[in-house]
Amino acid sequence: MGKILESLNNTVIAGFVIMLILVALVMQATGSYNIDFLVRYIHVISGVMWIGLLWYFNFVQIPTMPEIPDELKPAIGKHIAPKALWWFRWGAMFTLLSGLAVAHLSGYLVDALTVAEGTRLIGIGMWMAIVMWFNVWFVIWPNQKIALGIVEADAAAKPAAARKAMLFSRTNTLLSIPMLYCMVGAEMGM
């Protein structure tokens with residue numbers, strides 16, 4: 001068991017192996033497998049990655065940075081933050097794409113995007129998620145690249161870029177709370 005848990009790759013692979021065993025058991029018991037469920041599962045697992053990292057940044061990293069001695073900050077800016085932002089961006093992308101796929105497969109994509117009667121709650125949640133995704137890819141990430149020195153920029157541009165990234169990240173944190181309410185509420189038939 002130590003070999004599995006000592007390696008993140010092995011841990012994740014083992015998790016997916018267990019999931020595939022469960023899929024096989026469900027297929028054996030029911031005689032089929034629902035693709036809608038698989039897409040919804042991808043949506044949930046991607047969303048956990050995205051919102052989990054969003055909340056990590058806002059509840060842990062950003063508030064803790066002022067307490068970290070200056071000589072230790074490069075470890076976060078050069079090593080931890082870029083990797084976390086990679087998973088953050090792609091978690092957002094897969095959450096959005098799989099969420100749109102769930103809505104399409106379930107037959108309510110157009111109604112939700114137009115916030116039609118009967119899909120208002122999920123539609124509002126979807127639009128919040130789309131705004132959040134846009135913020136990640138087109139505001140937060142470009143500004144984080146400047147703030148972290150991943151792209152060339154004047155030293156004076158770094159604090160402004162860091163602040164802009166933080167404010168849009170906080171916007172996403174703000175939106176994540178009602179967005180999750182909309183998603184869960186719609187699932188519950190509210």
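Me: What is the relative accessible area of T64?
Reply: This is a predicted model, and T64 makes a good place to start. Buried would need under 20%, and exposed would need over 50%. T64 falls between those two cut-offs, so this residue is partly exposed. Its relative accessible area is 31%.

Me: Which helix holds T64?
Reply: The helix in question covers residues 35-64. T64 is found within that range. The helix is α3.

Me: Which residue offers a backbone oxygen to the side chain of T64?
Reply: Look for a polar atom on the T64 side chain. A backbone oxygen lies 2.5 Å from that atom. The oxygen belongs to V60.

Me: How far apart in space are T64 and L167, C-alpha to C-alpha?
Reply: In sequence, T64 and L167 are 103 residues apart. In space, the C-alpha to C-alpha distance is 16 Å.

Me: What span does α3 reach from its first C-alpha to its last?
Reply: α3 has 30 residues. At 1.5 Å a residue, the expected span is 44 Å. The span in the model is close to that, at 42 Å.

Me: Where does α3 bend?
Reply: The helix has a bend of about 35°. One of its buried residues sits at that point. That residue is F57.

Me: Which residue caps the N-terminal end of α3?
Reply: The cap uses a side-chain oxygen. That oxygen lies 2.8 Å from the backbone nitrogen of D36. The capping residue is N34.

Me: Which helices are included in what covers the buried residues of α3?
Reply: The buried residues of α3 include W50, L54 and F57. Helices are among what covers the buried residues. They include α4 (73-105), α6 (120-147) and α7 (157-187).

Me: Which residue has its side chain 3.0 Å from the backbone oxygen of M132?
Reply: The side-chain atom here is a polar one. The residue that carries this atom is in helix α7. Its relative accessible area is 0%, so it is buried. The residue is N172.

Me: Which residues does N172 touch, not counting those up to four places away in sequence?
Reply: N172 belongs to helix α7. One of the residues touched is L54, which is a buried residue of α3. Another is N135, found in helix α6. The full set is L54, M132, N135, V136 and I140.

Me: What is the relative accessible area of N135?
Reply: Leaving aside neighbours within four places in sequence, N135 is in contact with I140, F168, T171 and N172. N135 counts as buried, because its area is under the 20% cut-off. The value is 5%.

Me: How many aromatic pairs does the structure hold?
Reply: Some ring pairs link up into a cluster. W86, W87, W90, F94 and W137 form that cluster. The structure's total of aromatic pairs is 9.

Me: Which kind of pair do W133 and F138 form?
Reply: The ring centres of W133 and F138 are 5.7 Å apart. The planes meet at 80°, and over 60 degrees is the cut-off that decides the kind. So the pair is edge-to-face.

Me: Which kind of pair do F134 and F138 form?
Reply: F134 and F138 are 4 residues apart in helix α6, so about one helical turn separates them. Their rings are 5.0 Å centre to centre. The planes are at 35°. The pair is tilted.

Me: Which of W133, F134 and F138 counts as buried?
Reply: F138 is partly exposed at 48%. F134 is also partly exposed, at 42%. At 18%, the remaining residue is under the 20% cut-off. The buried residue is W133.

Me: What is phi of V115 near?
Reply: Most residues other than glycine have a negative phi. V115 has a positive value instead. V115 is in the loop between α5 (109-113) and α6, and is partly exposed at 27%. Its phi is near 50°.

Me: What pattern does the protein chain follow along the sequence?
Reply: The secondary structure comes to 7 helices. The strands number 0. Read along the sequence, the pattern is α-α-α-α-α-α-α.

Me: What share of the residues of the protein chain counts as buried?
Reply: The protein chain has 190 residues. Its C-alpha atoms fill a box of roughly 60 × 50 × 25 Å. The buried share is 32%.

Terms used:
Residues numbered from 1 in each chain as written. Predicted model: local features only at pLDDT ≥ 70, side-chain atom pairs only at ≥ 80, totals over all residues. Heavy atoms only, no water. Helix = DSSP H or I, 4+ residues; strand = E, 2+ residues; numbered from the N terminus. Buried < 20%, exposed > 50% of the residue type's maximum accessible area, 1.4 Å probe, protein only. Polar contact = N/O pair within 3.5 Å; in protein donor to acceptor, adjacent residues only side chain to side chain. Expected span 1.5 Å × (residues − 1). Bend = angle between axes of the 7 residues up to and from the residue. Contact = heavy atoms within 4.5 Å. Phe/Tyr/Trp six-rings, centres within 6.5 Å; stacked < 30°, edge-to-face > 60°.
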